[in-house]
Amino acid sequence: MEAVIQKKSEKQGIDEVMPSNEPQDIQVGDKTVGKPFADNPKMAMRNVNVHYGDKQAIFDVNLDIAKNEVIAMIGPSGCGKSTFLRCLNRMNDTIESCRVTGQFILDDQDIYHPKQDIVPLRARVGMVFQKPNPFPKSIYENVAYGPKIHGLASRRVELDEIVEVSLRKAGLWEEVKDRLHSAGTGLSGGQQQRLCIARSIAVSPEVILMDEPCSALDPIATAKIEELIAELKQNFTIAIVTHSMQQAARVSDRTAYFHLGKLIEVNDTKRVFTNPEHDLTEAYITGRFG
Amino acid sequence: MNKSSQNVTLEKVNQSLARRYRAEKRFRAYGIGAILFGITCLVVLFTDIIGKGHSAFFQTHVYLEVTMDSDTLYIDDPTDPQQIAGADYLAVVRASLSERFPDVSGRRDKRALYALISNGADFELRKKLEADPQLLGKTFGVWFLVDDDVDTYFKSRSDDGEGGFDGRLNEKQITWVESLINEGVMESRFNTTFFTSGDSREPEQAGIKGAIMGSLFTLLVTIALSFPIGVAAAVYLEEYAPRNRFTEFIEININNLAAVPSIIFGLLGLSIFIGFFEMHRSIPLVGGLVLTLMTLPTIIISSRAALKAVPPSIRDAAYGLGASKMQVVVHHVIPLAMPGMLTGAIIGLAQALGETAPLLMIGMVAFVVDIPGGITDPATALPVQIFLWSDSPERAFVERTSAAIMVLLVFLISMNTLAIWLRKRLERRW
Ligand SMILES: Nc1ncnc2c1ncn2[C@@H]1O[C@H](COP(=O)(O)OP(=O)(O)OP(=O)(O)O)[C@@H](O)[C@H]1O
Ligand SMILES: [Mg+2]
């Protein structure tokens, strides 16, 4: 029996849905344990509940994201990580059945305020998706698109500059500088994902949300993106959803563990992976379900 | 035990394998049979049409020497355009014929002789003289169109003069024609008239240019209206409209409209555009409006399918950057859906091009000689022209009917090819 469990935990990095054989004896509890709050939050979420139609996907989540930190969100498949992440820049608005309640504060600003325009919000809170999704346009056009629609550059030179800086920050400049005007979709998967990162940092967001950005990539491309995240941390606040606990351990400062729509534990990453406070967290990171 | 059960399994698999192969073969044979059937039908159709119609692209001409004698023409002032226009050119042609056959006498015989030449010959000469007044008083040779009966006779006759279809020609006429043929002044030449004139009661003067232009103007109106309206409706329904009872109702009705017989649209056009808005009958504008109504459902449905096929990841990417709904739609969704929308539109238009019934209802079935010059000139359309000619008893109209069908098919095939080419060309990978 023991050996089987070990095997499972080795496979943790793979994105697959498994029925959760949740240990019966562990209580979920109502309160998040650990340190969900920060002294100097960039974003603060309170009493967040999300429903898809009649089905509730997120239950009463409270969480702060500190300035310039990388927060990792982990948890079994279907526990609501993506749902929660997409609330942070109101991407869920595009899903008709989705209903979000609770408070979302970005620098003292309520992002779900009826008067809040989502266009500037998404310029401030950017997003990188699970599957690389460059526009079927040139590399240059991909990166320049955001600055163009937001009017960030008034002249061509400025735009060129933004494109170059963003591609450099995304660690892609050297690889593509000679073919800026060839199709972005012609790059390799890892390059495409870095292009998507360059595209989102081109509008100088304050927060970048990443939903399993490496799940479609090979280990080398993954390592590049992880390096990149460590660098981006200097200028951006990053929330990353991942299925790889190793990745969470490598890149994040704090880790949040979700379980069936509830936020179970938030703690410093080191603490979560060495000495988790909650039994469910421990069960998950030791691979007893996933 | 294990071993033997494996053997049993293997045996059973082998047995079932043979059956599976047979089933597979049958399945393939059905498919091949269906395709063969389709191809056979197509081949039969094409051989029939081409067999009947190819001869219409050639037209028999006769070479006659004419003298533009000012006395015969009754022209005393060649600088007066009115005199040139009103001159008696037929007299010149007749004089030339009489000279060629001096022993023909008597009113009846003379009339029979003159009937060999198409009665559009005077028009031919008038055009020549108008273009070059210097020709007055000169003698020169002209290739004249012959009458359709002569044309049919010439075409159906074998080289040694046997077995011509004499139709309405009498014996004397046949002798004259044979003598012209023996003299070598009768010749089959490419039928430019067919492509440069409008309809006519005389088959040898009838052409499809009028019908082509009518179809063209009708289709222009249809494209100009149905594509933008269809795309706008599709974009609204697909991207903006809330999902509720009302939009569902609209959707069902669009699908229903696509199945409505086209003649109903003709009736609708008749009562709305002609009855209520008092537009003229038989004009491409009304035809285009009616065909717009008819093609809109097709275009809306195919455009929506194309919009739906745009991957959500592209929308997510644009939304994630802070693009507004309109920017997402205009910058990303529509360009990606364009090949599909264009294909749908072209197929809809090809349908419209071949449509006859609604045009009959709004009077585009009229006999129109003049080539329409705009969307408000009376006109007919290609399929209607085919319908009209197919009703005429003359042999020459039978071949023209098939020739017109060939022209229509060429247009349809090129439109469909264009649709395929556009789809290949504009299709991008993501
Ligand atoms: N568009 C939707 N409509 C209805 N239910 C949804 C929708 N998206 C997600 N859900 C449901 O909400 C719950 C949370 O889904 P979510 O995608 O947030 O999970 P996740 O933690 O990101 O899972 P994974 O790790 O597999 O990506 C799931 O039960 C899912 O079935
Ligand atoms: Mg997810």
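This passage describes the interface between chain A and chain B, helix α4 of chain A, selected salt bridges and the surroundings of ligand 1 in a predicted model. Because the model is predicted, local features were required to have pLDDT of at least 70 and side-chain atom pairs were counted only at pLDDT 80 or more, whereas totals for chains, interfaces and linings use all residues. Residues are numbered from 1 along each chain as its sequence is written, chains are lettered from A and ligands numbered from 1 in the order in which they are written, and side-chain values use heavy atoms, with hydrogens and water left out.

The contact between the two chains (heavy atoms within 4.5 Å) involves 22 residues from chain A and 19 residues from chain B. About 1700 Å² is buried between chain A and chain B, 62% of it on carbon and sulfur atoms; buried area is the accessible area, for a 1.4 Å probe, that two parts lose on being put together, summed over both. Of the area that chain A buries against chain B, 30% is supplied by Phe135(A), Pro136(A) and Tyr145(A), more than by any other three residues. Four elements of chain A, namely α3 (118-124), β7 (125-128), α4 (139-150) and α7 (189-201), each supply at least two residues to the side that touches chain B. Helices (H or I, at least four residues) and strands (E, at least two) are DSSP runs, numbered from the N terminus. The most is given by α4(A), with four residues. By residue class, the side of chain A that touches chain B divides into 10 nonpolar, seven polar and five charged residues, where Ala, Val, Leu, Ile, Met, Phe, Trp, Tyr, Cys and Pro count as nonpolar, Asp, Glu, Lys and Arg as charged, and the others, Gly among them, as polar.

Zero salt bridges were found across the interface of chain A and chain B, a salt bridge being a side-chain nitrogen of Lys or Arg within 4 Å of a carboxyl oxygen of Asp or Glu. Four residue pairs, both at pLDDT 80 or more, are in polar contact between the chains. A polar contact is a pair of N or O atoms within 3.5 Å; within protein, one must be able to donate a hydrogen and the other to accept it, and residues adjacent in sequence count only if both atoms are side-chain atoms.

Helix α4(A) is largely enclosed by the rest of the structure, because nine of its 12 residues are buried. Buried denotes under 20% relative accessible area, exposed over 50%, and partly exposed in between (1.4 Å probe, protein chains only). Among the buried residues of α4(A) are Tyr140(A), Asn142(A), Tyr145(A) and Ile149(A). Their cover includes α5 (156-169), α6 (173-176) and α7 of chain A together with α15 (325-353) of chain B. Gln327(B) is found in that helix of chain B, α15, and touches Tyr145(A), Ile149(A), Gly322(B) and His332(B), residues up to four places away in sequence not being counted. The side chain of Gln327(B) also reaches the backbone nitrogen of Ser324(B) at 2.9 Å. Just after α4(A), Gly151(A) adopts a positive phi of about 65 degrees.

Over all chains, the structure holds 31 salt bridges. In chain A, Arg46(A) pairs with Asp64(A), with the closest N and O atoms 2.8 Å apart. Arg46(A) lies in strand β2 (residues 41-52) and Asp64(A) in strand β3 (residues 55-66), so the pair ties together parts that are 18 residues apart in sequence. Arg46(A) is partly exposed at 25% relative accessibility, whereas Asp64(A) is buried at 2%.

In chain B, Glu399(B) forms a salt bridge with Lys155(B), the closest N and O atoms being 2.7 Å apart. As Glu399(B) belongs to helix α18 (residues 395-426) and Lys155(B) to helix α7 (residues 148-156) of chain B, the pair ties together parts 244 residues apart in sequence. Glu399(B) is buried at 11% relative accessibility, and Lys155(B) is partly exposed at 26%. A further salt bridge joins Glu238(B) and Lys308(B) at 3.9 Å, N to O.

Ligand 1 is surrounded by 13 residues, the closest being Lys55(A), Ser77(A), Ser82(A), Thr83(A) and His243(A); a residue is included if one of its heavy atoms lies within 4 Å. An N or O atom in the side chain of Lys55(A) is 2.7 Å from an oxygen atom of ligand 1. Backbone atoms also approach ligand oxygen atoms, with a distance of 2.8 Å for an N or O atom of Gly78(A) and 3.2 Å for a polar atom of Cys79(A).
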